[in-house]
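Trainee: I am new to this structure and would love a close look at a single part. Could you walk me through one of the sheets and what packs on it?

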Amino acid sequence: MKIAVDAMGGDNAPLAPVLGAILAVKQYGEDVVLVGQEDKIKAILKENNAENLSGLHIVHAPDIVDMHDDPSTVLRKKPQSSMAVALKLVKDGEADAIVSAGSTGALLSGATLFCKRIKGIRRGAVAPVMPCANGQVMLVDAGANTECTAEYLLQFAFLGSLYAEKIRKIKNPRVGLVNNGTEDSKGDAIRKETYALLKKAHDEGRLNFVGNVEGSDVPLGKCDVAVCDGFSGNVMLKTIEGVAKFMAAEIKKVFTRNMGTKIAYLLCKSGMDEFKEMFNQDVIGGAPFLGIAHPVIKAHGSSNEIAVMNAVRQAIEYTKSGMIEAVEQNIEHMTVNKED
């Protein structure tokens, strides 16, 4: 198996992607292809005594996708960018999956252009995993599609459920529809239509639909997969991230207020460390793009080498999981017959 890593993508590129690739090859025993400016990649490998590491390969790509580039056109304008070349490796079968910490919009656009969507899937979706009361919850979609139809949301539900089952190893994952109330009568026309479609899939035994979930229900662990349009999902994701940072800062203020509180912190340090680890995105690695015909993992922009290593792990797990084949086998249940 070969995982293509965009060595020039992200705030800490190329150092973090290259170091992460080194760790991944050593940890997981699969091949990694570093795509980017060869001289810079080789310099980092030499500094870390890894220039002859078995399983690590380099493909030269002179250009870089800048965060200010237009996501919808940049890969056409920069066909020799590290992201475009890495995607082409996957498209041509020279790599099995791609990991990039570069522009989310450009990566999704490129994944759709080069790797294509699974036949029958209307839109690819960004699906990050967030901590919640009972472990983790997957948010589908979290920013790729700001305007959705009920069919898109139905497909997001199936994609998230299959990912939870195949890769996160959750038996009969609970799927919730993010709405402005838990009653089945709540929401706009699209949410009501989606509710009916998800209820039908539940009654047929194809999804474990637990009904509408409010924004406050998601971090409380009321579902394993939270389905929403990309606008609502992105707002929810950023809000939860902001609240987590705010709470962490306020808790730090409490414990550093005086000598007594500092002593109290030492007494509960292990618990606080566990709390902090819940929000450590480096451990998760990245977010998969669901619905694409090949595994695509988007690592967060500020990824360090640990995050890149774990994103490679995600890509390996995704490739081995049979997830894409499972979507293909269930696609007939994921489309809406307008004549019904």
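Mentor: Happy to! Please keep in mind that this is a predicted model. Let us start with a pair of strands: E4 (residues 97–100) and E12 (residues 296–299) run parallel and are joined by 3 bridges. Within this pairing, Ile-98 of E4 has Val-296 of E12 standing opposite.

Now widen the view to the sheet around them. The open sheet is formed by 7 strands with mixed pairing, and their order is E3-E2-E1-E4-E12-E11-E5. At the edges stand E3 (56–60) and E5 (125–126); each has a single partner strand, so one side of each is left without a neighbour in the sheet.

Next, look at the helix by one of those edges. Helix H2 (residues 38–47) lies across E2 (31–36) and E3, and its direction makes about 155 degrees with E3.

Strand E11 (286–290), another member of the sheet, leads us to one more helix. The buried residues of helix H13 (residues 323–330) are Met-323, Ile-324, Ala-326 and Val-327. Viewed down the axis of H13, these buried residues fall within an arc of 160 degrees, so they line one face of the helix. Their packing partners are strand E11 together with two helices, H6 (150–166) and H12 (305–321).

Helix H6 also takes us beyond this sheet: it lies across strands E7 (135–140), E8 and E10 (225–227), running at about 170 degrees to E10. Those strands belong to an open sheet of 5 strands, ordered E6-E7-E10-E8-E9, again with mixed pairing. H6 is thus a good place to pause: follow it from the buried residues of H13 across to E7, E8 and E10.

Methods: Residues numbered from 1 in each chain as written. Predicted model: local features only at pLDDT ≥ 70, side-chain atom pairs only at ≥ 80, totals over all residues. Heavy atoms only, no water. Pairing = 2+ DSSP bridges. Helix = DSSP H or I, 4+ residues; strand = E, 2+ residues; numbered from the N terminus. Contact = heavy atoms within 4.5 Å. Axes fitted to C-alpha atoms, helices over the stretch in contact; angles between N-to-C directions. Buried < 20%, exposed > 50% of the residue type's maximum accessible area, 1.4 Å probe, protein only. Arc of directions from axis to C-beta.
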